[in-house]
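Got a minute to go through the labels on this one? Let's take the terms in turn and check what each of them rests on.

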Amino acid sequence: MVSMSTKTAGTAAPGRREQILREAARLFAERGFHGVGVDEIGAAVGISGPGLYRHFAGKDAMLAELLVGISQRLYEGGRRRAEESAEAGLAPEAALDALIEGHIDFALNDRELITLHDRELDRLREADRKQVRKLQRQYVELWVAAVRAMYPDLTELEARVSVHTVFGLLNSTPHLSGPSALPDRETTAALLHRLARGAFSAAAPRERAE
C-alpha cells in the first residue's frame, strides 16, 4: 500500500500509479465510487481504461490503496513526529503542536481522501477495512498520549473524546468549498491550529470535584 499523499510532493513528477490514484481520488470524491468508470479514470491520466489493469486489479483495489494508504501515512507520520519530539526533549505543548501541524497538512492537501473515507469506507473488503480501523486507533492513541501530557488532569476517556472532536474540526475542510470559502493556505493553517488548541484547552477541567 502507498503511504504517501496523493498530491505531488515538491516538483518531482508523480509516477503512473500515483497519477492514477490522484485522479481516482478526485473523481471518486466528486461523483462517488459507483459514479466513475475505469475508462474515465484512464482518460484523466491519458491511458486507455484497460491499460489501468497493468497497475491495479480494478476500482476496488484503487479505493483500498487510497484509504489504507492514507491511514498508514497519518499513523507513520504521527509516530515519527512523536518520536522526534521525545528525542529532542520538547515540551508537551510543542509535541502536541507537531501532531496538529501534521494533521492540518493532511486536511488541506488531501480533502478528497477525507470525503472518500466518509462516503466509501464501507465498500472496502473486510480485511482492508479492519486495517484502516487498526491504523486509525493507533493514530488516535498517539494523540491521546500527547494531549494527556499537555493536560494531565484530563482522564483517558476525556482525552480520547477531545481528540476525535478535534479530528472532526480539522477534517471539515472538504465542506469549505468555493473560491472565497478558504483564505490562503498559511492563514487557514494558522486558524485551524488555533481552533484545535482552543478545543483541547476548553476540554481541560479548571477544577476537578473532590
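What follows is a run of questions and answers about how the labels were reached.

Q: Before we start, what kind of model is this, and how are residues numbered?
A: It's a predicted model, where local features need pLDDT of at least 70, side-chain atom pairs count only at pLDDT 80 or more, and totals for chains, interfaces and linings use all residues. Residues are numbered from 1 along each chain as its sequence is written, and side-chain values use heavy atoms, with hydrogens and water left out.

Q: How do you know which secondary structure the chain has?
A: Helices are DSSP runs of H or I with at least four residues, strands are runs of E with at least two, and the numbering starts at the N terminus. On that basis the chain comes to eight helices and zero strands, and its pattern along the sequence reads α-α-α-α-α-α-α-α.

Q: Why is Ala24 called buried or exposed?
A: Buried means under 20% relative accessible area, exposed means over 50%, and partly exposed is in between (1.4 Å probe, protein chains only). Ala24 has 0% relative accessibility, so Ala24 is buried. This residue lies in α1. Across the chain, buried residues make up 41% of the 210 residues.

Q: What makes Arg80 partly exposed?
A: Its relative accessible area is 43%, so Arg80 falls in the in-between class. Arg80 is in α3, and its C-alpha is separated by 9.6 Å from that of Leu99, 19 residues apart along the chain.

Q: And why is Ser85, also in α3, classed as buried?
A: Ser85 has a relative accessible area of 5%, so the buried label applies. Leaving out residues up to four places away in sequence, Ser85 touches Leu90, Ala95 and Ala98.

Q: What makes those pairs count as touching?
A: Contact means heavy atoms within 4.5 Å. Using that cut-off, Ala24 is in contact with Ile41, Met62 and Leu66, setting aside neighbours within four places in sequence. Of the chain's contacts with a separation of 6 or more, 71% are between residues 24 or more positions apart.

Q: Why is Asp97 in α4 called buried?
A: The relative accessible area of Asp97 is 15%, so Asp97 counts as buried. With residues up to four places away not counted, Asp97 touches His193 and Arg197.

Q: What makes a set of residues a nonpolar core?
A: The members are buried Ala, Val, Leu, Ile, Met, Phe, Trp, Tyr and Cys residues joined through side-chain atoms within 4.5 Å. The largest such core here has 55 residues, and Phe28, Ile41, Met62, Trp143 and Phe200 touch the most other members. Elements giving two or more residues to this core include α1 (16-31), α3 (59-87) and α8 (185-203). Ile41 itself touches residues including Ile20, Phe28, Leu52 and Met62, not counting those up to four places away in sequence.

Q: How do you know how the reach of α3 compares with the expected span?
A: The expected span is 1.5 Å times one less than the number of residues. α3 has 29 residues and reaches 42 Å from its first C-alpha to its last, close to the 42 Å expected. After α3 comes Gly89, with a positive phi near 65 degrees.

Q: What makes a space a pocket, and how much space lies in the largest one?
A: On a 1 Å grid over the protein atoms alone, a pocket is an open set of points where a 1.4 Å probe fits, with protein on both sides within 12 Å along at least five of seven lines; lining residues have an atom within 4 Å of a point. The largest pocket holds about 460 Å³, and among its 21 lining residues the closest to the centre are Leu74, His117, Gln136, Phe167 and Asn171. α6 gives the most to that lining, with six residues.

Note on methods
Points joined across faces, edges and corners; volume = space filled by probe spheres on them.
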